Amino acid sequence: MRRAPARLLIIAGSDSSGGAGLQADIKTACAFGVYAMTAVTAITVQDTTGVHAIHPVSAATVREQIACCLSDLGADAIKIGMLGSAETVEAVADVLERAARSIPLVLDPVLASTGGTPLLAEDAVAVLKERLFPRATLLTPNIPETAALACTPVHDADTMRTAGGELRALGASAALVKGGHAEGTMIEDVLVWNEGARVFSSPRIESGHTHGTGCTLATAIACGLAQQLPLIDSIERARAFVQEGIRTAPDFGHGNRPLNHLHMLR
């Protein structure tokens, strides 16, 4: 009998340029042979040069999308990206508490775009930490997001480890602090989890093709969890996927350009 693919529910905003958000998430899931479902939280008017407008989807509609997918198709993992407002955070937390208690959750705490456009309201940050951090199997913040969420300076592997511990203390099972914003020829991502801390290192690829790397990494990890891979294996596979996506990126756009989500299909 043919084996059904793993199922991933993606809760995030739409990126009209296709480099990040739901579009990057769906392409990543397809690359790993995972069936993707979506709950759209916002429609952004966006290209490689920046976010030009944001049109939120109502919290009630977000809740209904999630409930509908889970009640009919089910999910083997959930990935959360852009949420936008405190009301949406509350709605997502409410429906997941009722319908997804045992499903692995990768939470990418998106606070702002690469260009600095806020993607989560200030009053939503505390709600995110209170309602969704305790449900997260893994958090995947970058250095600026980690510093803001843990309220501590973050600039190297040691401070990433300390801040990751602060995030775990808020209830998350694990935190992968991404080191792309740090200086140096190597990129170090630090995982803080129940077995201590682990550093993942790889040579930095000097590139202007990094639009959507955070979304892609979180989704790739969630795909691994959906396919019942151990967390470490899911992270290592996801990091390799993103690195190759940057290395083989198409030259699309005039700003921070997207990576290649389709490199495994060549």
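This report covers the aromatic pair and the salt bridges of a predicted model.

**The aromatic pair**

The structure holds one aromatic pair. Its members are phenylalanine 32 and phenylalanine 241, with ring centres 4.9 Å apart. Their planes meet at 50°, so the pair is tilted. A stacked pair would need planes under 30 degrees apart, and an edge-to-face pair over 60.

The two rings come from distant parts of the chain, 209 residues apart. Phenylalanine 32 sits in the loop between helix H1 (21-31) and strand E2 (35-47). Phenylalanine 241 belongs to helix H8 (residues 231-247). Both are buried: phenylalanine 32 has a relative accessibility of 11%, and phenylalanine 241 has 3%.

**Salt bridges**

Side chains of opposite charge can pair when their charged atoms come close. The count here comes to twelve salt bridges. Three of them are set out below.

| Acidic residue | Basic residue | Closest N to O |
|---|---|---|
| Aspartate 108 | Lysine 178 | 3.7 Å |
| Aspartate 158 | Arginine 161 | 3.0 Å |
| Glutamate 236 | Arginine 198 | 3.0 Å |

Take aspartate 108 and lysine 178, whose closest N and O atoms are 3.7 Å apart. This pair links distant parts of the chain, 70 residues apart, and both partners lie in loops. Aspartate 108 is in the loop between strand E5 (105-107) and helix H4 (122-132). Lysine 178 is in the loop between strand E7 (175-177) and strand E8 (186-193). Are these charged residues buried or exposed? Aspartate 108 is buried, with a relative accessible area of 3%. Lysine 178 counts as buried too, at 10%. The cut-off for buried is under 20%.

Arginine 161 and aspartate 158 pair within one element, helix H6 (residues 157-169). They are three residues apart, so about one helical turn separates them. Arginine 161 counts as partly exposed, at 33% relative accessibility.

Glutamate 236 and arginine 198 also form a salt bridge, at 3.0 Å. Glutamate 236 lies in helix H8 and arginine 198 in strand E9 (residues 196-203). The two are 38 residues apart, and the pair links distant parts of the chain. Glutamate 236 is partly exposed at 36%, and arginine 198 is partly exposed at 35%.

**A network**

Some charged residues are joined in a wider set. Glu90, Asp94, Glu97, Arg101 and Arg131 are linked in a network of salt bridges.

**Helix H8 in both topics**

Helix H8 carries phenylalanine 241 of the aromatic pair. Helix H8 also carries glutamate 236, the partner of arginine 198. Phenylalanine 241 is buried, whereas glutamate 236 is partly exposed.

Technical notes. Residues are numbered from 1 along each chain as its sequence is written. This is a predicted model: local features need pLDDT of at least 70, side-chain atom pairs count only at pLDDT 80 or more; totals for chains, interfaces and linings use all residues. Side-chain values use heavy atoms; hydrogens and water are left out. Rings of Phe, Tyr and Trp (its six-membered ring) pair if their centres lie within 6.5 Å; planes under 30 degrees apart count as stacked, over 60 as edge-to-face and the rest as tilted. Helices (H or I, at least four residues) and strands (E, at least two) are DSSP runs, numbered from the N terminus. Buried means under 20% relative accessible area, exposed over 50%, partly exposed in between (1.4 Å probe, protein chains only). A salt bridge is a side-chain nitrogen of Lys or Arg within 4 Å of a carboxyl oxygen of Asp or Glu.
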